[in-house]
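Work through the exercises below with the sequence and the model side by side. Try each task before reading its solution.

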Amino acid sequence: MKKDIILAGVGGQGILSIAATIGLAAVDMGLHLKQAEVHGMSQRGGDVQSNLRISDKEIASDLIPKGKADIIISVEPMESLRYLPMLSPEGWLITNTTPYINIPNYPPMEKVMEEIEKLPHQVALDADKIAKDLGSGRSANMVILGAASPFLDIPVENLEKAITKLFTPKGEEVVDVNIKCFRAGREVSENNS
Amino acid sequence: MNRLLLLGDEAIAQAGIDAGISGVYAYPGTPSTEITEYILASKEAREKNIIASWTTNEKTAMEAALGMSYAGKRAMVCMKHVGLNVAADPFINSAITGANGGLIVLAADDPSMHSSQNEQDSRFYGKFAMIPMLEPSNQQEAYDMVIYGFDLSEKFKIPVLLRITTRLAHSRAGVVLNGKREQNKVGLPENYRRFILLPAIARRQYKQLLEQQAAYEDEALKSSFNQYIDGPDKSKGIITCGLGLNYLYENYPDRNVPFPVLKIGQYPVPTEMVRKLYNECESILVLEDGYPFLEEMLRGLLNHGKQINGRMDGTVPRDGELNPNIVAVALGMKDEWGNPIPEIVAPRPPSLCKGCPHIFSYNALNEAIAEFGKGRVFADIGCYALGALQPYDAISSCVDMGASITMAKGAADAGLVPAVAVIGDSTFTHSGMTGLLDAVIDNSPITVLVLDNATTAMTGGQPSSASGKIEDVCLALGVEKEHIHVINPIPKNHEENMNIMKKELLYKGVSVIIPRRECIVTATKRLKEKRKVK
Ligand SMILES: Cc1ncc(C[n+]2csc(CCOP(=O)(O)OP(=O)(O)O)c2C)c(N)n1
Ligand code: SF4
């Protein structure tokens, strides 16, 4: 088993908690993991990405080779496109459709969606809206994780266990809403593909 | 077995704790910051009374670590690569004095300049100082090398340089911890006079350092961090340093590299191992992250020997960090990328946070200086360097920490009046104060803005040495009281702040304006924590 995952978004959007959840589940299953993160300057509203690699064999490189990523998981639609050179021809792109506009030259949304829809394997969903409807606008990243979950080769129970563990310090309510968001995202993918 | 998922930086920090350090001294700098932050947050470190201290700059950190080593205890000093420029004086001289308690100097290089102004390779400093050097290829080695490095340092009574790069520092992997050592007791060096670098003693010490070189190399030859991994195809021999090995392995399923590989993790470069590879193979490929350090040595000036491929002949790009694709190309393999980035994708550079106090300082400054035209604002390193970007376009230089004040002075001395310096509170204490004294002594006509946001923001919000006391420092350095102003950079005060700046721009001496308001990010964090406590 090997999954090479690109996580993408804008600084402060919480891609690292997606990484932490997958990481926790993977380590619990005894898998190897390497995760290259971005720290420092690029966090201030700039584009951020993280290379997350999990495998049942030892992993050599901290960086995923270009053209070899199995999944791009993005919490921002334009950002999902920035990493297309990384994606393998069989790879999946899972992205939020709510844009994060902090630059004057953000492209028209129809153009962004057009590019996303050109891809043979993609799931695009309005994670912000789904999360808001479930009562927690801040959990859009768990909706996205849910949408990505069928492609991760990690049993859904293990992922939910990881979410529970990660959010338990914040209280039961936070755990519940995040699990709900995760399940809602997963449902979108299951109905889509 | 205690296996933890750690960043390279965290592995080094935990290893320091496990190796029995008594102190870590550091000035923050990406990608080294998380080492000291980990130790500061570690309960274990607190229970062991390990000193973890953010110092004023890298030089003071290096000297404090040397002092702790002098007193017999193990010390670690951490910095980003350019920090070693600041600490270079004590660093080079610590090779002459030698160490007493184990001393590891950690330099974190930033090839590809993810968050730095250059990509200098610290291995040249190790060679320059002529001390042993370690370079891990993964997080586990980073951990192991700290433990081993302290042994090496105490065996030879010499500081050891540990060189890492951003990719390792900021990547997480499983690390197995390995035992706990007690801290050393306080104890003077057997001969403390070796720390008195008067010429007569320094000459003797230097000769000793020269004599030790063979022993350091011998140690590298025996080290398990240097490995000769044989392969059947001798048409090419490959030398890897640091992460180069991982990118090589990535290109062969099950790590079956057909060529002989020499993996280097400990320096000085063991000549014997290199000779063996050179003799057995028809050509050599060098894969190193950073400058062509080893490659240059291998080629020599005349490059008369076998074919050597690497950064210097373009087989590997001359700049930037390595990655699996670059290595694939260097091996003559196919390199297939996914789809190109669609043209509509716009760059998204980092920017000042919404509501950041620096924004309002720049808005006022831009208006105050408009009548004199652009090109007169010498800025410095920190969040406020983002004032270079639109819509501010407020600065004309950002070179190295402290350079704002001194460059403004030089420019003003040359006749560029008014000249303005913009410097953050942490950068001011790091290396702005001495320059300000120069300006005061010469009564140079400069206006200095010390942006006091009560923190070292750029690197994640570490405390800042003189925050809240900047005006006292300036006064003590001789700036006249009526030319020191503390202002509040908020939109409401725009006119007032702008007028103060305008007035001081016309003053033919040193004036200091201190816009004081807390960084939004640290303020939010602080309020959140306060709420949690309640
Ligand atoms: C010699 C050196 N050491 C460390 C750094 C890393 N560094 C860059 S900016 C910065 C902090 C600047 O803090 P401050 O001047 O207070 O400005 P702020 O970011 O808070 O606006 C540091 C430590 C560096 N670039 N050079
Ligand atoms: S981190 Fe603080 S100082 Fe830096 S841009 Fe944001 S608000 Fe400004």
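**Exercise 1: a mixed sheet**

Task: find how strand β10 (residues 237–241) of chain B is joined to strand β11 (residues 261–264) of chain B, then place both in their sheet.

Solution. Step 1: the two strands run parallel and are joined by 4 bridges. Strands and helices here are DSSP runs numbered from the N terminus (strands E, at least two residues; helices H or I, at least four). Two strands pair if DSSP finds at least two bridges between them. This is a predicted model, in which local features need pLDDT of at least 70 and side-chain atom pairs count only at pLDDT 80 or more, while totals for chains, interfaces and linings use all residues. Residues are numbered from 1 along each chain as its sequence is written, chains are lettered from A and ligands numbered from 1 in the order in which they are written, and side-chain values use heavy atoms, with hydrogens and water left out.

Step 2: look at B:C241, which stands opposite B:I264 in β11(B).

Step 3: the open sheet has 5 strands in the order β9-β11-β10-β13-β14 (chain B), with mixed pairing. Its edge strands are β9 (227–229) and β14 (307–309) of chain B, each pairing on one side only. On average, neighbouring strands of this sheet are turned by 20 degrees against each other, direction ignored.

Step 4: add helix α12 (residues 271–280) of chain B, which lies across β9, β10, β11, β13 (283–287) and β14 of chain B and runs at about 20 degrees to β9(B). Axes are lines fitted to C-alpha atoms, for helices over the stretch in contact, and angles run from 0 to 180 degrees between N-to-C directions. Contact means heavy atoms within 4.5 Å.

**Exercise 2: one residue in an edge strand**

Task: which residues does B:Q307 contact, leaving aside its neighbours within four places in sequence?

Solution. Step 1: B:Q307 is found in strand β14 of chain B. Step 2: its contacts are B:E282, B:S283 and B:I284. Step 3: for a longer span, take B:S171, 136 residues apart from B:Q307 along the chain; their C-alpha atoms are separated by 34 Å.

**Exercise 3: a parallel sheet**

Task: give the strand order of the open sheet with parallel pairing in chain B.

Solution. Step 1: the order of its 5 strands is β15-β16-β17-β19-β18. Step 2: β15 (377–378) and β18 (484–487) of chain B stand at the edges with a single partner strand each, so one side of each has no neighbour in the sheet. Step 3: β15(B) pairs with strand β16 (residues 419–424) of chain B in the parallel sense over 2 bridges. B:F378 has B:A421 in β16(B) as its bridge partner. Step 4: helix α15 (residues 357–369) of chain B lies across β15, β16, β17 (446–451) and β19 (511–515) of chain B, at about 180 degrees to β16(B).

**Exercise 4: cis peptide bonds**

Task: where in chain B do B:P31 and B:P268 lie?

Solution. Step 1: B:P31 lies in the loop between β2 (21–26) and α2 (33–41) of chain B, and a cis peptide bond with omega of about 5 degrees joins B:T30 to B:P31. Step 2: B:P268 lies in the loop between β12 (266–267) and α12 of chain B; the cis bond from B:Y267 to B:P268 has an omega of about 10 degrees. Step 3: as background, most peptide bonds are trans.
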